[in-house]
Amino acid sequence: MEKRYFSIAEVQQHASAESCWIIHERRVYDVTTFIPRHPGGQQLLAQRAGQDVSRDLEGPPHRHSTNARRWLQQYYIGDLRRDGEEEGELEEFSQQRQAVRERRKTHQASDIVMDARCKSVDPDNDLVDWNKPLLWQVGHLREKYDEWVHQPIDRPIRLFYSDFVEACSKTAWYVVPLVWVPIVIIFSWYCYNELAEGKTRLFTSFTTEYSIPVHKYCFPLLFLIGMFLWSLVEYLIHRYVFHMNPPASNYYLITLHFMLHGQHHKSPFDGSRLVFPPVPASLVVGLFFAAFHLLAPGAVGNSIFIGGLGGYVVYDMIHYYLHYGCPKKGSYLYELKAYHVKHHFEHQKLGFGITSRMWDYPFKTVIPEENFEKSH
């Protein structure tokens, strides 16, 4: 494809949220489709439409990560032409800039020399064939998988060959509350009425001689305990299951990791895969209910369990909002969104809390506050 060149005046004609072009290091990008998903909010990017954002990417207040810069390359449409410059001069400048980038890559390279395609944002030249389901391909990446899966791309993912199975692996965000909120309400009413009968007692020993009656008004407390326990389960699953480190030699564990969570890190804005589909979710919920019923049978245990299920619904909705919502700057959700974006683009081994950073502190996985002076 022939390279295109734009003047500053041409770029400045696209200075709105409806058509947003920006300049970075004399390269021009059309980021119109990315505006609703920008971690700093729509307004922050829209205000810079038609402008050079090179200084903004370097900071302060925030120095953008390598992955964020890679992400930007997906929207590249051409180079900037200044008044009086000839195309020959522009080509020479482009070659010089490419040489500088290659030297940077060499300087920053680790002991493992990765396939050059692993760092590409061009789906047609990637390590996998994006025209085929990815689930059966990723296991063959072996030692290249970990770096590849943590280099995000703005593209929907297909996992399975079967259209039916593929459909079951996707869901719209509103399906989650439609399915689970009625179940939470019905079971909450059932547990409350069971407690209201006054027959539920909490035993303080292995005999029935010493027991404490559980009043119906204890249900909100039990429900909140369930939500609190879910927040811990949420953290543990995210850290130890979703972010397990599959051996490079194990095709099946790599495939399992990609199906559970790797596909989300590869394509973090695939809206059809941001919440847990009801079909597999019902199996997991059923297993949790069976295990919990063995450990804490009766109305008390059921009340705690249903609180945990409510916590799961809140988690899925917040997770979707952190990717697609535009919280007000300075709010709790704004800070949480910024924290989660750092987990995706810069600190994949830290920041496992979704609805809260609470469990990151005792487990020592808090994403460090950005020190701008040190980052330079």
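In this predicted model, Arg-26 is found in the loop that runs between strand S2 (21–24) and strand S3 (27–30). The backbone of Arg-26 has a positive phi of about 65°, although the residue is not a glycine. Readers new to backbone angles may find some background helpful here: most residues other than glycine have a negative phi. Arg-26 has a relative accessibility of 13% and therefore counts as buried, since the cut-off for that class is under 20%.

A positive phi also appears at Lys-364, again a residue other than glycine, with a value near 60°. Lys-364 lies in the loop between H13 and helix H14 (372–375). Is Lys-364 buried or exposed? With a relative accessibility of 74%, Lys-364 counts as exposed, because that label applies to values over 50%.

Helix H13 itself spans residues 332–345 and includes His-340. The relative accessible area of His-340 is 3%, so this histidine is buried. Which residues surround it, once the neighbours within four places in sequence are left aside? His-340 is in contact with three other histidines, His-264, His-319 and His-323, and also with Leu-322 and Ile-354.

Attention now turns to a pair of helices. Two packed helices are described by the angle between their axes and the distance between the axes. For helix H8 (residues 175–196) and helix H9 (residues 219–242), the angle is about 135° and the axes are 10 Å apart. The two helices are therefore oblique to each other, as 135° falls outside the ranges for roughly parallel, roughly perpendicular and roughly antiparallel pairs. The crossing of H8 and H9 is right-handed. On the H8 side, the contact is made by Val-184, Ser-188, Cys-191, Tyr-192 and Leu-195, and on the H9 side by Phe-219, Leu-222 and Phe-223. Sorted by class, the residues of this contact comprise seven nonpolar and one polar, with no charged residues.

These local details belong to a protein whose secondary structure comes to 14 helices and six strands. Of its 376 residues, 40% are buried. The accessible surface comes to about 21200 Å², and carbon and sulfur atoms account for 61% of that area. How are the contacts spread along the chain? Among contacts with a separation of 6 or more, 69% are between residues 24 or more positions apart.

Definitions and conventions:
Residues numbered from 1 in each chain as written. Predicted model: local features only at pLDDT ≥ 70, side-chain atom pairs only at ≥ 80, totals over all residues. Heavy atoms only, no water. Axes fitted to C-alpha atoms, helices over the stretch in contact; angles between N-to-C directions. Helix = DSSP H or I, 4+ residues; strand = E, 2+ residues; numbered from the N terminus. Parallel < 35°, antiparallel > 145°, perpendicular 65-115°, else oblique. Left-handed = near helix turned anticlockwise from the far one by under 90°. Contact = heavy atoms within 4.5 Å. Nonpolar A, V, L, I, M, F, W, Y, C, P; charged D, E, K, R; others polar. Buried < 20%, exposed > 50% of the residue type's maximum accessible area, 1.4 Å probe, protein only. Areas by Shrake-Rupley, 256 points an atom, 1.4 Å probe, with all protein chains shown as cover.
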